[in-house]
Amino acid sequence: MSKATKSAKIFCIANQKGGVGKTTTAVNLAAALARLRQRVLLIDLDPQGNATMGSGIDKRTVAASVYQVLIGESSIQDATFRSESGGYDLLPSNRELSGAEIDLVGMEQRESQLKKAIGQVTDQYDFILIDCPPTLSLLTLNGLTAAHGVIIPMQCEYFALEGLSDLVNTIKRLYANLNPELRLIGLLRVMFDPRVTLQQQVSAQLQEHFGDKVFRTVIPRNVRLAEAPSHGMPGVEYDKSSRGAKAYMEFGKEMIRRVKKM
Ligand code: ATP
Ligand code: MG
């Protein structure tokens, strides 16, 4: 089968907890997959626009964004930009997107607008990644309705474990109706510091409870990953030899292996 007739695998990076590493994972997984010669579209579905800025696109100056696509004012093609620093395509976001919640409420099939738009370009990519906001809002619902699977980045802390079963159940319960295809792809341990005993314990508990739903790759806490966005670059490109970049490259390879089994 030729590559052009295949359609993309679509993944949400989601966790209703804030600041757990969703955007860092979305941007760096996109860049890692691009370096592994995959055709990637990254969709920024968060009004904060962090994935947009971290991809080297100025969220304040884009002519069209995911907002216009969701409300039917722009085609997805017209709102898609090239991230030169990341090597992938980007559907950007900015503050305007916070209004989408209100605009969508009155629309029919309000939770499937992103899915409808993505349908137009799915044959042009191998992977489509969606960076979700830290909420279980209508925006996140649009992401989850459009996706084949969810990747949950998490820190190995006590409270992370506590909230996790809620999140997993929410995904199963709420979204099974809207999107029967949706699967939990895996839990990604991020900002990991092996010197912290509690983190080791939580990590072991995760593996016990979730088995092979825990990705093998572990992303370490690494300052280079945190510095990269201020340079408009994914960490994977900003400092290729850093431990963080290497870990995300490893994660990219793990995702490609997983997708082959899907
Ligand atoms: P939000 O919920 O606000 O969207 P988020 O889940 O997308 O947040 P990020 O923005 O990716 O989280 O990360 C939160 C902060 O932690 C950022 O300052 C980021 O640079 C930093 N960070 C993320 N991953 C790492 C890491 N592996 N090592 C060091 N710093 C990290
Ligand atoms: Mg984010």
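This report describes the surroundings of ligand 1, a nonpolar surface patch and the pairing of three strands in a predicted model.

**Ligand 1**

Ligand 1 is surrounded by 18 residues, of which Gly19, Lys22, Thr23, Thr24 and Asn222 come nearest. By class, this shell consists of seven nonpolar, seven polar and four charged residues. Oxygen atoms of ligand 1 take part in the polar contacts listed below.

| Residue | Protein atom | Distance to an oxygen atom of ligand 1 |
|---|---|---|
| Thr23 | polar backbone atom | 2.8 Å |
| Thr24 | N or O atom in the side chain | 2.6 Å |
| Gln48 | polar side-chain atom | 3.2 Å |

On its own, ligand 1 has 620 Å² of accessible area, and the protein covers 80% of that area. Two or more residues of the shell are supplied by each of helix H1 (22–35), strand S8 (214–220) and helix H9 (223–227). The largest share belongs to H1, which gives three residues. Within the range of H1 fall Thr23, whose contact with ligand 1 is through the backbone, and Thr24, whose contact is through the side chain.

**Nonpolar surface patch**

On the protein surface, Tyr158, Phe159, Val196 and Leu198 make a nonpolar patch of about 400 Å². One of these residues, Tyr158, is placed in helix H7, which covers residues 158–178.

**Strand pairing around S4**

Strand S4 (residues 88–91) runs parallel to strand S2 (residues 40–44), and three bridges join the two. In this pairing, Ile43 has Leu91 of S4 as its bridge partner.

S4 also pairs with strand S3 (residues 81–83), here in the antiparallel sense and again over three bridges. Arg82 is matched with Asp89 of S4 as its bridge partner. S3 and S4 form a hairpin in which four residues lie between the strands. Gly87, in the turn of this hairpin, has a positive phi of about 80°. S4 thus has a parallel pairing with S2 and an antiparallel pairing with S3.

Technical notes:
Residues numbered from 1 in each chain as written. Chains lettered and ligands numbered in written order. Predicted model: local features only at pLDDT ≥ 70, side-chain atom pairs only at ≥ 80, totals over all residues. Heavy atoms only, no water. Near = heavy atom within 4 Å. Polar contact = N/O pair within 3.5 Å; in protein donor to acceptor, adjacent residues only side chain to side chain. Areas by Shrake-Rupley, 256 points an atom, 1.4 Å probe, with all protein chains shown as cover. Nonpolar A, V, L, I, M, F, W, Y, C, P; charged D, E, K, R; others polar. Patch = residues over 30% accessible without salt bridge, like charges linked within 9 Å, V, L, I, M, F, W, Y side chains within 5 Å. Salt bridge = Lys/Arg side-chain N within 4 Å of Asp/Glu carboxyl O. Pairing = 2+ DSSP bridges.
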